[in-house]
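Let's take a walk through this model together, from the whole chain down to single side chains. Keep the viewer open as you read.

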Amino acid sequence: MRLIHLVGLVAFTFVSSISVATPLISAKEAALPNAKNVLATRGISRGPIIKLNAPASETVESPFDFRLTFEPRGDAKIDPDSVKVIYLKFPFVDLTPRVKSAISTSGIDFPKAEVPPGNHSIRVTVKDTEGRETNAVFNIEVVK
């Protein structure tokens, strides 16, 4: 009985450690028309810094890891409840619920993002605890 329990535990651990691709953008959403006249930022800001860590280049194959880092300024802290992730299509597609579990005060860590081929623009908005906001637009080309 003890051997069966051990084998079951090893099998569960192996299966649970396999990364599965998670849809970030659907083919139907990718087929929507691109949004027009979208500003990336509003000029000089004391809001948090948003850095794209992955993918490492603008051209990538799906699935890919989607990782951002948030850096607060001064004594402020990041407000993770303020984070919005918007796919810049018409109409806008709110991706925030899909990445909600991957959002923390340090950024977004969304492994194995599944995205159809094409050019994709994603706007990320974050505020700090002092209410200062930053927007950043990331363009990603998925080749396959």
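Start with the outside: the protein's accessible surface comes to about 9,000 Å², and 58% of that belongs to carbon and sulfur atoms. Areas here come from the Shrake-Rupley method with a 1.4 Å probe, and for residues only the protein chains shown count as cover. Before going further, some housekeeping. This is a predicted model, so local features need pLDDT of at least 70 and side-chain atom pairs count only at pLDDT 80 or more, while totals for chains, interfaces and linings use all residues. Residues are numbered from 1 along each chain as its sequence is written, and side-chain values use heavy atoms, with hydrogens and water left out.

Of the 144 residues, 33% count as buried. Buried means under 20% relative accessible area, exposed means over 50%, and partly exposed is what falls in between (1.4 Å probe, protein chains only). The secondary structure adds up to three helices and ten strands; both are DSSP runs numbered from the N terminus, with helices being H or I of at least four residues and strands E of at least two. Reading along the sequence gives the pattern α-β-α-β-β-β-β-β-α-β-β-β-β. As for contacts (heavy atoms within 4.5 Å), take those between residues at least 6 apart in sequence: 70% of them join residues at least 24 apart.

Now for the sheet. Strands of a sheet pair through backbone hydrogen bonds, either parallel or antiparallel. Here, five strands form an open sheet in the order β3-β10-β9-β5-β6, with mixed pairing. β3 (59–60) and β6 (93–94) stand at the edges with a single partner strand each, so one side of each has no neighbour in the sheet. Two strands count as paired if DSSP finds at least two bridges between them, and strand β5 (residues 78–87) pairs with β6 in the antiparallel sense over two bridges. In that region, Ile-86 stands opposite Asp-94 in β6.

Strand β5 also holds Pro-80. Is Pro-80 buried or partly exposed? Pro-80 is partly exposed, because its relative accessible area is 26%. Leaving aside neighbours within four places in sequence, Pro-80 is in contact with Lys-100, Ile-103, Ser-104 and Thr-105. The C-alpha atoms of Pro-80 and Gly-107 are separated by 8.2 Å, with the two positions 27 residues apart along the chain counted as their spacing.

What about the inside? In soluble globular proteins, nonpolar side chains tend to be buried together. A nonpolar core is a set of buried Ala, Val, Leu, Ile, Met, Phe, Trp, Tyr and Cys residues joined through side-chain atoms within 4.5 Å. The largest one has 29 residues, and Leu-24, Phe-66, Phe-70 and Ile-108 touch the most other members. β4, β5, β8 (107–114), β9 (118–128) and β10 (133–142) each supply at least two residues of this core. Beyond its neighbours within four places in sequence, Leu-24 is in contact with residues including Leu-95, Val-99, Phe-110 and Ile-122, as well as Glu-29 and Arg-98.

Those last two bring us to the charged pairs. Side chains of opposite charge can pair when their charged atoms come close. The structure holds six salt bridges, each a side-chain nitrogen of Lys or Arg within 4 Å of a carboxyl oxygen of Asp or Glu. In one of them, Glu-29 pairs with Arg-98, the closest N and O atoms being 2.4 Å apart. This pair links distant parts of the chain, since Glu-29 is in helix α2 and Arg-98 in helix α3 (residues 96–99), 69 residues apart. Helix α2 itself covers residues 27–30. Glu-29 counts as buried because its relative accessibility is 13%, whereas Arg-98, at 33%, counts as partly exposed. Leaving aside neighbours within four places in sequence, Glu-29 is in contact with Leu-24, Tyr-87, Lys-89, Val-93 and Arg-98.

Another salt bridge joins the side chains of Lys-51 and Glu-71 (3.1 Å, N to O). Lys-51 sits in strand β2 (residues 49–54) and Glu-71 in strand β4 (residues 64–71), 20 residues apart. Lys-51 is partly exposed at 40% relative accessibility, and Glu-71 is partly exposed at 28%. Arg-132 and Glu-130 also meet in a salt bridge, at 3.4 Å from N to O. In this pair Arg-132 counts as partly exposed at 24%, while Glu-130 counts as exposed at 52%. Finally, salt bridges that share partners join Asp-65, Arg-67 and Asp-109 into one network.
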